[in-house]
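Reader: I would like to learn how to read pockets, cores and loops from a set of coordinates. Please take the features in turn, with the general idea before the case.

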Amino acid sequence: GTFPHGIDILTAADYFAVGNRVNCYLTISVYIAGFPEYTQPMIDHLVNMKINHWDSVIRELSTKALHNITPRAPEYMANVVLPRLLPLSVGSDLHTRHGAILACAEITHALCKLAQENNRSVTYYFNEKSLEGLKQIHQEVCSQHKSGYLSCCQTYFLTVCTLIEKLSLSKMPFRGDPIIGGWQWLINDSLRHLTLVSSAARQHIKESAVSALAALCEEFYINQRGEADPALQDELVTQYVSELQNTEEMIRCGFSRALGALPRFLLKGRLQQVLEGLKRVTTISPEDVSFAEARRDALIAIAKVCQTVGVKGDGSQQEYVCRDNVDQIYATLLTGVTDYTTDSRGDVGGWVREAAMTSLMEVTLLLVQNEAELINANICKQIMCWLAQQSAEKIDKFRAHAGSVFLTLLHFDHPPVPHIPHREELERIFPRSEKETLNWNAASEAFPRITQLLGLPAYQYHVLLGLSVSVGGLTETTLRYSAQSLFDYMKKIQSEPRALGSFCETLLKVFEDNLRNDRVSVPLLTMLDQMLANGCFDMFTEQENHPFPVKLFTLCKEEIKRSKDIRKLRSSTGVFCGLIQFQGDMREKVFFQLFLLLCHPFPIIRKTTASQVYEMLLTYGDVGDPGIVEQAMAILSDTNWEAELPVVRERRNCLCDLLKVPRPQLVAK
């Protein structure tokens, strides 16, 4: 009995519960403050000791705790705490000022919400002095901002935006007051200053500014008829769209997300202007090829805008997602799935692809639940095929995201997504019961499933394109499971000439479409090398001049033409050696190409080629008379292929004469 409610408190606030800081401040503190004996002391402790703490996280948690506790003592908060905080909000100590501004914002929001719940005026708990004090905070912030004071401080931007958001949500009686123009200016300036803060803080500031903008617009920019002032709408939308072409990437990011947060009444009549502006941000040009974050945020914004305006098939393209603009929206989003931009940060295009996949899912589900007939069969096929390709690629994170989106669309049934190709087969490969349990991050689980789509004509090309990058990649786990899954599929179709023929046609098409696209062609050569070595095309080896090896040889030859990429040249050597197993005129062409590589300017290529040709002769001894083959192997093993080119060329020519292959001739430049 020493402590009031001691057992209850000790049960709730045990050692493990208070170990979680967020839980401690936002849940346990509210529970304890619910006992009358502790309400005021808890509030006083937070105000006196915690909102001025040196750690900004503690300050922010303290203000949120005050918001949660406000319903326990609204009169005390309004009459004692708020008047105490207002002078601190414009004081000289930065930590105290930060905490006090946030506390004023949180308490004001909580008091107004409580008043509304009790059917009272939002200003029920405020007197004239309190309202003026809140305005004074804004004036002080504006004057400091204009003077450049604190303009590079990330905490400052977050504080400003939180203050605007909370006072807007509080429905304060500031409609028509100049303070609203000041808030708009502060939000815009926060979005323009994203380049000045650390990369880690940008996302927080961007989200905070966008939330503040949405709350401000919803409360102060709509009239009684539910419309926006035309002049204000024109100024705001035009300004934001023009900022999308700013030369600073972060400014494009900020205003893209801001457009995505605008309420419907501000987008009405301006939808095409907004969509066209966002579409331009997603287009890659030489000047902004590295602006991947801007493209990502524009794609996110397009989906948000679509969700905001809603769907009306026969509506105006200036107001709704409709027949006239749905194809344009999908075309923009589908372009994002093809972004494979890389820079010093790595695969930055992955951020764009991830956002594009999410936006495609959101827009598709929006249409399905409203007017599914706007989704045509071709669009649906493209979406599912691109998702299948991403589900077969090498980076775990993006593969997992693509797989999740793929299964969400496949198994959505309120109502089902129309026109999904091979729906029945897909539902058999990916049962609904495994939608949540299938771990796409694990190569051992993902690839055995996704390779089964190779047997479905609509998906074969895209899955094979994705697999090429994985099977020919450098990550051991991904390589092992993707290759094994591919070989298992190939083994299954060895006795099916039509299926194998279709697969080979698709494989050649993938190669042809990606000639000299090193992201695909280099791992594709590595994959082809492995497939030839594993006997995936044995059905064709006994047929004279089968078109598959002939076309493959031509493509490989074209791919390495004038190339100085060592990995590409080494992989191509493996493919040429694998092609020796096919009958007909192919063998002489293959030998000629390999003998050209034996005199390549790069010593490492000459040495690698010699080693691989030796292994080839050892494996496929039927390429010539055993005695001749033995002599050729002796030349290959005894020659120093890293020696000077004239010496190497002489030994190479001996091999040509021995195997009756024309000697390559030097061409005068």
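Reader: Which helices each supply at least two residues of the lining of the second largest pocket?

Author: To read a pocket, start with the elements that form its wall. This is a predicted model. Here the helices α5 (56–69), α7 (94–117), α9 (154–169) and α11 (199–220) each contribute at least two lining residues to the second largest pocket.

Reader: Which of them gives the most to that lining?

Author: Helix α9 does, with seven residues. The lining as a whole has 16 residues, and nearest the pocket centre lie Glu60, Lys64, Leu102, Leu158 and Thr162. The volume of this pocket is about 380 Å³.

Reader: How does the lining of the second largest pocket divide by class?

Author: Class counts describe the chemistry of a wall. For the second largest pocket they are three nonpolar, eight polar and five charged residues.

Reader: What is the volume of the largest pocket, and which residues are closest to its centre?

Author: Read volume and lining together. The largest pocket holds about 1,000 Å³ of space. It is lined by 25 residues, and those closest to the centre are Arg562, Leu596, Cys599, His600 and Pro601. Two elements, α29 (586–597) and α32 (645–658), give two or more residues each to this lining. By class, the lining of the largest pocket splits into twelve nonpolar, five polar and eight charged residues.

Reader: How is the chain divided into domains, and what distance separates their centres?

Author: Domain bounds give a coarse map on which other features can be placed. The division is into domain 1 (1–223) and domain 2 (579–668). Taken over C-alpha atoms, the centres of domain 1 and domain 2 are 77 Å apart.

Reader: How many residues are in the largest nonpolar core, and which have the most contacts inside it?

Author: For a core, read the total, then the residues with most contacts, then the elements that contribute. The largest nonpolar core has 224 residues, and Phe430, Leu453, Tyr459, Phe503 and Phe537 have the most contacts inside it. Helix α18 (residues 349–371) is the element that gives the most, with eleven residues. Both domain 1 (1–223) and domain 2 (579–668) are represented in this core, each by at least three residues.

Reader: Which residues does Phe537 contact, leaving aside neighbours within four places in sequence?

Author: A contact list shows what packs around one member. With those neighbours set aside, Phe537 contacts Met490, Phe503, Cys504, Leu507, Met531, Leu532, Phe548 and Phe582. Of these partners, Phe503 is also among the core residues with the most contacts.

Reader: Now the loops. Is Glu393 buried or exposed?

Author: Accessibility is compared with a cut-off, and buried means under 20%. Glu393 has 8% relative accessibility, so it counts as buried. It sits in the loop between α19 (377–391) and α20 (396–411). Not counting residues up to four places away in sequence, Glu393 touches Tyr340, Arg399, Phe447, Gly466, Ser470 and Arg519.

Reader: Why does Ile284 count as partly exposed?

Author: Partly exposed lies between the buried limit of 20% and the exposed limit of 50%. Ile284 counts as partly exposed because its relative accessibility is 43%. Its place is in the loop between α15 (271–282) and α16 (292–309). Beyond four places in sequence, Ile284 is in contact with Val289, Arg295, Asp339 and Thr341. The C-alpha atoms of Ile284 and Thr341 are 9.4 Å apart, with the two positions 57 residues apart along the chain.

Reader: Where is Gly34?

Author: Gly34 is in the loop between α3 (21–33) and α4 (36–50). At 32% relative accessibility, Gly34 is partly exposed.

Definitions and conventions: Residues numbered from 1 in each chain as written. Predicted model: local features only at pLDDT ≥ 70, side-chain atom pairs only at ≥ 80, totals over all residues. Heavy atoms only, no water. Core = buried A, V, L, I, M, F, W, Y, C linked by side-chain atoms within 4.5 Å. Buried < 20%, exposed > 50% of the residue type's maximum accessible area, 1.4 Å probe, protein only. Helix = DSSP H or I, 4+ residues; strand = E, 2+ residues; numbered from the N terminus. Domains from an automatic or database assignment. Contact = heavy atoms within 4.5 Å. 1 Å grid on protein atoms, 1.4 Å probe; cavity = no way out; pocket = protein on both sides within 12 Å on 5 of 7 lines; lining within 4 Å. Points joined across faces, edges and corners; volume = space filled by probe spheres on them. Nonpolar A, V, L, I, M, F, W, Y, C, P; charged D, E, K, R; others polar.
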